[in-house]
Amino acid sequence: MIYHIVHIEPLHQNYQKAIEKVLKSQLVNISDYVEGILDIKIGNNTTDKIGISNYVIIMIFNTRRDLENWMEHPNHIPIKKILQEKSIMKVFDYNDL
């Protein structure tokens, strides 16, 4: 399995609602529409530690190819564009040992 993890830190406090809207309306049920996404979790930070991102997305794919398909998927492009405009994202992928 491939885990695709995105940490999201809004560039400005005023962007939080727009980011949450994208996460809730465009991403939360995306696995129902996009083949290859096994699971998706979206959450917000519950700690007050400095340097921790406000939001996190964890997507699980069966194969690297499924992740690559998502990266080029028409539903992914507008979500990514909005998040890039309104936040700093740290993205990494890992697989089970």
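These legends go with a set of close-up views of a predicted model.

**View 1. Helix α1 and its buried side.**
Start with α1, which runs over residues 16-27. The helix has twelve residues and spans 15 Å from its first C-alpha to its last, close to the 16 Å expected at 1.5 Å a residue. Its buried residues are Ile19, Val22, Leu23 and Leu27. These four sit on the same side of α1 because they cover an arc of only 95° around the axis. Look for what lies over them: the cover includes the strands β1, β2 (37-44), β3 (55-61) and β4 (87-95), along with the helices α2 (64-71) and α3 (76-86).

**View 2. The other face of α1.**
Now for the face of α1 turned away from its buried side. Here you'll find the exposed residues Lys17, Lys21, Lys24 and Ser25.

**View 3. A nonpolar patch on the surface.**
Leu11, Tyr15 and Ile88 together make a nonpolar surface patch of about 270 Å². Tyr15 belongs to the loop that links β1 (2-10) to α1. With a relative accessibility of 30%, Tyr15 counts as partly exposed.

**View 4. Helix α2 from its buried side.**
This close-up picks out Asp66, Leu67 and Trp70, the buried residues of α2. They cover an arc of only 100° around the axis, so they end up on the same side of α2. Their packing partners are the strands β1, β2, β3 and β4 plus the helices α1 and α3.

**View 5. A salt bridge inside α2.**
Searching the whole structure turns up four salt bridges, and one of them joins the side chains of Arg65 and Glu68, at 3.4 Å from N to O. Both residues lie in helix α2, three residues apart, which is about one turn of the helix. Arg65 is exposed, at 53% relative accessible area, while Glu68 is partly exposed, at 37%.

**View 6. A salt bridge from α2 to β4.**
Arg64 and Asp93 bring their side chains together in another salt bridge, 3.7 Å from N to O. Since Arg64 lies in helix α2 and Asp93 in strand β4, the pair ties together parts that are 29 residues apart in sequence. Both partners are partly exposed: Arg64 has a relative accessible area of 44%, and Asp93 has 32%.

**View 7. Asn69 and Val34.**
Asn69 is another residue of helix α2. It counts as partly exposed, with 36% relative accessibility. Put Val34 in the same frame: along the chain the two are 35 residues apart, but their C-alpha atoms are separated by 9.2 Å.

**View 8. Helix α3 and what covers it.**
In α3 the residues to look for are His76, Ile79 and Leu83, which are buried. Because they cover an arc of only 70° around the axis, they lie on the same side of α3. Among the elements covering the buried residues of α3 are the helices α1 and α2 and the strands β1, β3 and β4.

**View 9. The Asp39–Lys41 salt bridge.**
Here Asp39 pairs with Lys41 in a salt bridge, and their closest N and O atoms are 3.7 Å apart. Asp39 is partly exposed, with a relative accessible area of 29%. Lys41 counts as exposed because its relative accessibility is 51%, and the cut-off for that label is over 50%.

**View 10. Lys41 and its surroundings.**
Staying with Lys41, this residue is found in strand β2. Which residues does Lys41 contact once its neighbours within four places in sequence are left aside? They are Val56, Ile57 and Ile58. Val28 is worth finding in this view too: Lys41 and Val28 are 13 residues apart in sequence, with 7.6 Å between their C-alpha atoms.

Definitions and conventions:
Residues are numbered from 1 along each chain as its sequence is written. This is a predicted model: local features need pLDDT of at least 70, side-chain atom pairs count only at pLDDT 80 or more; totals for chains, interfaces and linings use all residues. Side-chain values use heavy atoms; hydrogens and water are left out. Patches are made of residues with over 30% relative accessible area and no salt bridge: like charges are joined within 9 Å, nonpolar side chains (Val, Leu, Ile, Met, Phe, Trp, Tyr) within 5 Å. Accessible areas come from the Shrake-Rupley method with a 1.4 Å probe; for residues, only the protein chains shown count as cover. Helices (H or I, at least four residues) and strands (E, at least two) are DSSP runs, numbered from the N terminus. Buried means under 20% relative accessible area, exposed over 50%, partly exposed in between (1.4 Å probe, protein chains only). The expected span of a helix is 1.5 Å times one less than its number of residues. The arc is that of the directions from the helix axis to the C-beta atoms. Contact means heavy atoms within 4.5 Å.
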